[in-house]
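Hi everyone, thanks for coming. Let's walk through one protein together, from its overall layout down to a few single residues. Have a look at the picture first.

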Amino acid sequence: MMIIVVFKIDILPNEPPMLFALPDHTRFSLADFPMHLPLELLGVELFIQVYTLILLENKVLFQSSDYNALTMSIMAFVAMLYPLEYMFPVIPLLPRNMNETEQLLSAPTPYIIGVPASFFAYKNNTVLPDDVW
């Protein structure tokens with residue numbers, strides 16, 4: 001037995017109502033990580049700013065000393081884009097000890113990258129491009 005929820009909203013007189021319905025339940029992706037974490041860590045205002053930057057396809061860089069919170073927050077942001085899909089690079093934790101990893105920050109495409117708090121101390125001469133948030 002399948003139940004379909006549909007909402008009808010009359011917007012304009014003499015026009016048919018707009019219909020809104022939930023998508024098929026098989027389309028929802030399952031997330032096995034805390035979706036509330038970015039909201040809890042960043043607060044409402046900063047969360048909305050970051051979410052908007054991601055939707056507008058900006059380069060977004062996260063930095064934290066808590067690797068688990070960093071990774072889970074980035075994955076939650078990507079999952080919250082549903083039903084949209086993020087088609088650009090997502091690197092939840094960019095290792096600081098790999099050679100030349102800082103060059104990824106100069107990529108011409110939008111991205112979401114997480115770095116350890118010690119990343120820039122380890123990479124002495126790294127300068128962030130102006131278009132990275």
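**A walk through the fold**

Starting at the N terminus, the elements of the protein follow the order β-β-α-α-β-α-β-β-α. That gives 4 helices and 5 strands. Please keep in mind that this is a predicted model. Of the 133 residues of the protein, 26% count as buried. Now take the contacts between residues at least 6 apart in sequence: 53% of them join residues at least 24 apart.

Let's begin with the sheet. In which order do the strands of the open sheet lie? There are 3 strands, in the order β3-β5-β4, and the pairing is parallel. The edge strands are β3 and β4, since each of these pairs on one side only. If sheets are new to you, here is the background: strands of a sheet pair through backbone hydrogen bonds, either parallel or antiparallel. Here, β3 and β5 pair in the parallel sense over 5 bridges. To find one of these spots, look for V60, whose bridge partner in β5 is I112.

Next, the core. As a general point, in soluble globular proteins nonpolar side chains tend to be buried together. The largest nonpolar core in this model has 12 residues, including V60, F62, F77 and I112. So the bridge partners I just mentioned, V60 and I112, both turn up in this core. The elements that give two or more residues to the core are α2, β3 and α3, and the largest share, 4 residues, comes from α2.

Let's zoom in on one member, F62. Which residues does F62 touch, not counting those up to four places away in sequence? The list is V50, L70, I74, F77, I112, I113, G114 and V115. There is also a second, separate core of 9 residues, which includes L94, V115, F119 and V132. Notice V115 there: F62 touches V115, and V115 belongs to that second core.

Now on to helix α3, which covers residues 67-79. At the start of α3, a side-chain oxygen of D66 reaches to within 3.2 Å of the backbone nitrogen of N68. We can also do a little check on the length of the helix. At 1.5 Å a residue, the 13 residues of α3 should span 18 Å, and the end C-alpha atoms are 18 Å apart, which agrees.

Which residues of α3 are buried? They are A69, L70, S73, I74, A76 and F77. Seen down the axis of α3, these buried residues fall within an arc of 160 degrees, so they line one face of the helix. And what do the buried residues of α3 pack against? Their partners are α1, α2, β3, β4 and β5.

Let me finish with some single residues. L19 sits in strand β2. Is L19 buried or exposed? L19 is exposed, because its relative accessible area is 56%, and the cut-off for exposed is over 50%. Leaving aside neighbours within four places in sequence, L19 is in contact with V6, F7 and K8. For L19 and K8, the C-alpha atoms are 4.7 Å apart in space, while the two residues are 11 apart in sequence.

K59 is in the loop between α2 and β3. Is K59 buried or exposed? With a relative accessible area of 8%, K59 is buried, as buried means under 20%. Setting aside residues up to four places away in sequence, K59 touches A107, P108, T109, P110, Y111, D131, V132 and W133. With A107 there is a polar link as well: the backbone oxygen of A107 lies 2.5 Å from a polar atom of the K59 side chain.

In that same loop between α2 and β3 you will find E57. E57 has a positive phi, near 60 degrees, in a residue other than glycine. E57 is partly exposed, with a relative accessible area of 46%.

N14 is another residue with a positive phi, about 65 degrees, although it is not a glycine. You will find N14 in the loop between β1 and β2. N14 is exposed, with a relative accessible area of 81%.

To close, three places to look for in the picture: the open sheet in the order β3-β5-β4, the buried residues that line one face of α3, and K59, buried in its loop. Thanks for listening, and I'm happy to take questions.

Conventions
Residues are numbered from 1 along each chain as its sequence is written. This is a predicted model: local features need pLDDT of at least 70, side-chain atom pairs count only at pLDDT 80 or more; totals for chains, interfaces and linings use all residues. Side-chain values use heavy atoms; hydrogens and water are left out. Buried means under 20% relative accessible area, exposed over 50%, partly exposed in between (1.4 Å probe, protein chains only). A nonpolar core is a set of buried Ala, Val, Leu, Ile, Met, Phe, Trp, Tyr and Cys residues joined through side-chain atoms within 4.5 Å. Contact means heavy atoms within 4.5 Å. The expected span of a helix is 1.5 Å times one less than its number of residues. The arc is that of the directions from the helix axis to the C-beta atoms. A polar contact is a pair of N or O atoms within 3.5 Å; within protein, one must be able to donate a hydrogen and the other to accept it, and residues adjacent in sequence count only if both atoms are side-chain atoms. Two strands pair if DSSP finds at least two bridges between them.
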